[in-house]
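Trainee: I would like to go through this model one question at a time. Where should we start?

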Amino acid sequence: MLAEFAFLKCRIVSDHITRKAKRSLGIYNCLGKELRNSFIRLETINSHSVYQSLPGISAIVGGSVYIPDIKIILKKKFCYYNKRNIFTVYYLTNTLMIEIQNLSFGYKRKKLLYKNLTLSLNVGSIYGLLGKNGAGKSTLLKNFMGLLFPTTGNIAVNGFVPRKRWPAFLETIYFIPEEVYVPALTINGYKNLFAPFYPKFSEEQFYSYLDQLDVKDKGKLNSLSFGQQKKFIIAFALACNTRVLLLDEPTNGLDIPSKIKFRKLISGVFTDDKIIFISTHQIRDLDNLIDRVIIVDNGELLLNASISEIADKLCFKSVSDIPSTGKVLYTEDSLKGHAVVIENTEHEDSKINLEHLFNAVTENPVVAKSIFNH
């Protein structure tokens with residue numbers, strides 16, 4: 001599926017158009033240039049512009065789009081004005097939403113949280129980022145948002161460089177930090193101030209989510225409890241309908257009923273053209289929600305696998321005696337004997353225990369990597 005803000009490249013091929021047309025196209029100062037790593041705004045010219053009904057091309061009609069430099073070109077379409085070819089649009093299918101290449105980051109030069117991290121995150125998945133406290137989970141999300149910058153390496157989100165913080169980038173991504181802040185505004189005041197920054201914001205959905213999360217209008221937001229403030233921000237974030245949603249410890253401060261409602265809401269709003277990335281150390285809160293698991297420890301990527309791949313390669317079960325053969329990654333005493341995580345050489349069906357998975361991978365990273373071919 002092609003993301004709305006796809007990887008595009010546009011080359012101006014004619015300068016024989018009127019000044020009025022140039023202004024309408026929003027490319028008055030760009031004629032004769034090949035637009036790479038640039039930000040432009042393209043607008044329709046009524047019947048004079050020829051657009052096919054293709055995903056990606058529709059994204060630049062009347063909207064903003066970042067045009068990165070790409071090497072692979074699969075297809076192309078042309079835009080004409082007065083029978084002259086003005087520019088060529090190239091587009092890619094199955095584009096990556098987030099791509100990290102050789103990222104290194106540390107708050108101190110001699111102590112890096114991440115070193116040469118490479119990771120690709122595709123659309124159509126809910127990712128769970130698992131790690132110990134201080135492992136750099138929040139730091140990674142802030143790098144995605146452009147709030148922190150890599151020491152070395154690159155990050156691209158929807159083709160944008162996050163550190164540049166372009167408006168067209170910010171309207172496609174929403175980040176909920178662990179510690180939320182709300183100003184001394186009413187619910188309507190907050191909505192009226194911040195909703196215009198998100199073109200796909202739905203007022204109807206916003207009030208529906210507030211109702212589902214039992215957030216009541218009781219005056220100024222900063223007078224609400226921390227849990228109510230968190231639920232308010234979650235409702236607002238979901239109503240923004242951004243293609244990328246980053247959640248840092250979203251269930252902190254929520255009671256048990258609210259955690260259940262949160263999981264239902266996330267499952268309900270997720271679509272195949274979105275990516276939801278949840279960072280947490282409260283692993284059980286992600287049960288039956290995520291479909292891919294990422295585990296980091298000591299600045300290293302230990303696991304990036306789908307739930308189905310994990311179920312296929314690992315077996316989670318209780319045994320009376322710990323197996324003496326096979327790759328046993330983790331054992332824990334239980335009322336029924338021993339809970340174990342073992343390589344699934346017999347192709348058994350078992351229910352994944354995320355807490356046991358995390359312990360298995362962090363305690364035996366070499367064995368885990370050999371099983372998952374990392």
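Trainee: Leaving aside its neighbours within four places in sequence, which residues is I310 in contact with?

Mentor: This is a predicted model. Contact here means heavy atoms within 4.5 Å. With neighbours within four places in sequence left out, the contacts of I310 are V293, L303, A305, F316, I352, L357 and F372.

Trainee: Which helix gives the most to the largest nonpolar core?

Mentor: That core has 61 residues, and Y174, F232, I310 and L357 touch the most other members. Eight of the core residues come from one helix, residues 226-239, which is α7.

Trainee: How many residues are in the second, separate core?

Mentor: Its members include L103, L140, F169 and V244. L140 is also among the buried residues of α3. The count for this second core is 30 residues.

Trainee: Which strands stand at the edges of the open sheet, and why is one side of each left without a neighbour?

Mentor: The sheet has three strands in the order β8-β7-β10, with antiparallel pairing. Each edge strand has a single partner strand, so one side of it has no neighbour in the sheet. The edge strands are β8 (114-121) and β10 (152-157).

Trainee: Which residue in β10 does I98 stand opposite?

Mentor: Strand β7 covers residues 98-105 and is joined to β10 by five bridges, the two running antiparallel. Opposite I98 in β10 stands V157.

Trainee: How many of the nine residues of α3 are buried?

Mentor: Helix α3 (residues 137-145) lies across β7, β8 and β10, at about 120° to β7. Buried means under 20% relative accessible area. By that cut-off α3 is mostly covered, and the number of its nine residues that are buried is seven.

Technical notes. Residues are numbered from 1 along each chain as its sequence is written. This is a predicted model: local features need pLDDT of at least 70, side-chain atom pairs count only at pLDDT 80 or more; totals for chains, interfaces and linings use all residues. Side-chain values use heavy atoms; hydrogens and water are left out. Two strands pair if DSSP finds at least two bridges between them. Helices (H or I, at least four residues) and strands (E, at least two) are DSSP runs, numbered from the N terminus. Axes are lines fitted to C-alpha atoms, for helices over the stretch in contact, and angles run from 0 to 180 degrees between N-to-C directions. Buried means under 20% relative accessible area, exposed over 50%, partly exposed in between (1.4 Å probe, protein chains only). A nonpolar core is a set of buried Ala, Val, Leu, Ile, Met, Phe, Trp, Tyr and Cys residues joined through side-chain atoms within 4.5 Å.
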